[in-house]
Amino acid sequence: EVQLQASGGGLVQAGGSLRLSCAASGFTFDDYVIGWFRQAPGKEREGVSYISSSNSRTAYADSVKGRFTISNDNAKKTVYLQMNSLKPEDTAVYYCAAGPIATMKTALMDYWGKGTQVTVSS
């Protein structure tokens, strides 16, 4: 059974930080790219960042560059998203997903976890 468990969301003031975690199980972690996506109310789900579990190649959406950092711990089969300098526009449900290639296109991801809510107050 494939599972991706996102956690670490919460309520934070603008300028604050949160670290999200995505714990993976049920598939070969090293064969997949793990991505973070978010969806705000009334908006489409969008890619935030990804990391290749095999070579640690990373990418970020322009909106979060310089503020968010993705990392992985292959031994723990966990991917992290460190979010600093949070803005109200970062408020969304954040999801982690696994796919075969390095992409932030939602349609190309194979497995999805349940989201974790991030709320940034002004």
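In the predicted model, Ser52 belongs to strand S5, which spans residues 46–52. Ser52 has a relative accessible area of 8% and is therefore classed as buried, the cut-off for that class being under 20%. Beyond the residues up to four places away in sequence, Ser52 touches Tyr32, Val33, Arg57 and Asn72.

Strand S5 also takes part in the largest nonpolar core, supplying at least two of its residues. This core comprises 30 residues, and those with the most contacts inside it are Ile34, Trp36, Phe68, Val79, Leu81, Met83 and Tyr94. Contributions of at least two residues each come likewise from strands S1 (3–7), S3 (18–25), S4 (33–39), S7 (68–73), S8 (78–83), S9 (92–99) and S11 (116–121).

For Phe68, the contacts outside its neighbours within four places in sequence include three further residues from the list of those with the most core contacts, namely Leu81, Met83 and Tyr94. Phe68 is also in contact with Arg38, Val48, Tyr60, Gln82, Asn84, Leu86 and Asp90.

A second serine, Ser21, is found in strand S3. The relative accessibility of Ser21 is 16%, so this residue too counts as buried. When residues up to four places away in sequence are set aside, Ser21 touches Gln5, Ala6 and Ser7, together with Trp36, Thr78, Val79 and Tyr80. Two of these partners, Trp36 and Val79, are listed among the residues with the most contacts inside the core. Between Ser21 and Asn74, the C-alpha to C-alpha distance is 13 Å, with a separation of 53 residues in sequence.

Notes. Residues are numbered from 1 along each chain as its sequence is written. This is a predicted model: local features need pLDDT of at least 70, side-chain atom pairs count only at pLDDT 80 or more; totals for chains, interfaces and linings use all residues. Side-chain values use heavy atoms; hydrogens and water are left out. Helices (H or I, at least four residues) and strands (E, at least two) are DSSP runs, numbered from the N terminus. Buried means under 20% relative accessible area, exposed over 50%, partly exposed in between (1.4 Å probe, protein chains only). Contact means heavy atoms within 4.5 Å. A nonpolar core is a set of buried Ala, Val, Leu, Ile, Met, Phe, Trp, Tyr and Cys residues joined through side-chain atoms within 4.5 Å.
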